[in-house]
Amino acid sequence: MIDTYSVPLTQLVQEFQLALAYRSSDFEAIRVTVDDVSRPGLQLAGYFDHFEPMRLQVLGNAEMSYLRKISEEKQTVIFDRLFSYKIPALIIARNVDPTPACLAMAKKHDITVLRCQESTSYIVSSLISYLKSALAPRITRHGVFVDVYGEGLLLVGESGIGKSEAAVELIKRGHRLIADDAVEIKKINSTSLMGSAPALIRNYIELRGIGVINVAKLFGMGAIKGENVIDLVINIVPWSNHEIYDRLGLEEQHVDILGVKVPQITIPITPGRNLAVILEAAAMNNRQKKMGYNAAVEFTEQINKHFDENMGQSF
């Protein structure tokens, strides 16, 4: 199930150090639900077709200069209509003071007006980037998420297969834990997924027979990481003599998560296999593939070349 999120306006005010020019009565309850921001240029000229009232509205130096050149009566008409759409808030950049007509209409419609020190382009781009991350589509999946040589490995498999134990071995070998048991996955763009741990279980890992341990306190702060891009999904399964496993690695497997195709491999395990070493090799191999080198393809080409040459000599 995909969760939907919203961001409290108070959180944005604190994050971007916005100053209150007018505080609406529902200021504490306002939540931003869309990940885009608008600069109402055409709206100042009275054109409100295709206007998006759910977005934060930002006025810059150009818009404020235009407003100063028109009469207060026209300003009143403009802001009366703009604020009638019940926008989440109006932000004025470059620390410019709102005009008296702006404040009057903000009080009439009870709309929050904010100011910031930064330039218009900076605050718009920063807000969009922040909101896209905070409001990104997300789901929670069962698994263990680790950073191995910079590659984000999402370990999945049935409960008790040994995912957490493998994670501890990787931590001892210098790699980092991101999440154990539950992994919060959010779609940051059309091709990338970011994984992290829910706040309640962050830095904790469960080992059957021992219990829950705090990785940060037991192994040090260098053993944990807040979030990472999911580069590879590793499905860990018990070995079965009735299954046929890929011996060369030529088969391209993918798993669809939130509409993003992520590379996936299946690793069968038996008692005695060093899973941590296998996971390290998988991470390095995946990194090589992203850099354009595929050992399986190279090996196959060498085999084919060898047989072609021998066939030529036999005739």
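Biologist: Which residue in β13 does Tyr204 stand opposite?

Modeller: First, a heads-up: this is a predicted model, where local features need pLDDT of at least 70, side-chain atom pairs count only at pLDDT 80 or more, and totals for chains, interfaces and linings use all residues. Residues are numbered from 1 along each chain as its sequence is written, and side-chain values use heavy atoms, with hydrogens and water left out. Strands here are DSSP runs (E, at least two residues; helices are H or I, at least four), numbered from the N terminus, and two of them pair if DSSP finds at least two bridges between them. β12 (204-207) and β13 (211-214) run antiparallel with four bridges, and the residue opposite Tyr204 is Asn214.

Biologist: In the hairpin of β12 and β13, which residue takes a positive phi?

Modeller: Three residues lie between the two strands. The one with a phi near 95° is Gly209.

Biologist: And which residues make up the covered face of β12?

Modeller: Tyr204 and Glu206 are on the uncovered face. That leaves the covered face to Ile205 and Leu207.

Biologist: Over to the open sheet of five strands: what is its order?

Modeller: Its pairing is mixed. The edge strands, each pairing on one side only, are β2 (19-22) and β4 (37-38). Read across, the order is β2-β7-β6-β5-β4.

Biologist: What is the bridge partner of Tyr22 in β7?

Modeller: β2 is joined to β7 (residues 113-115) by three bridges, and the two run antiparallel. Tyr22's partner there is Val113.

Biologist: At what angle do the axes of α3 and α4 cross?

Modeller: The axes are lines fitted to C-alpha atoms over the stretch in contact, with angles from 0 to 180 degrees between N-to-C directions. Contact means heavy atoms within 4.5 Å, and the residues that meet include Phe79 and Phe83 from α3 and Cys102 and Met105 from α4. The axes of α3 (72-84) and α4 (100-109) come within 8 Å, and the crossing angle is roughly 35°.

Biologist: Why does Cys102 make no disulfide, and how far is the closest cysteine sulfur?

Modeller: A disulfide is a covalent bond between the sulfur atoms of two cysteines, counted here when the sulfurs are within 2.5 Å. Cys102 is buried (under 20% relative accessible area; exposed is over 50%, partly exposed in between, with a 1.4 Å probe and protein chains only), at 1%. Cys116 is buried too, also at 1%. Cys102 can't bond because the closest cysteine sulfur, in Cys116, is too far away, at 14 Å.

Biologist: So how many disulfides does the structure hold?

Modeller: Seen from Cys116, the closest cysteine sulfur is the one in Cys102, again too far for a bond. The count is zero.
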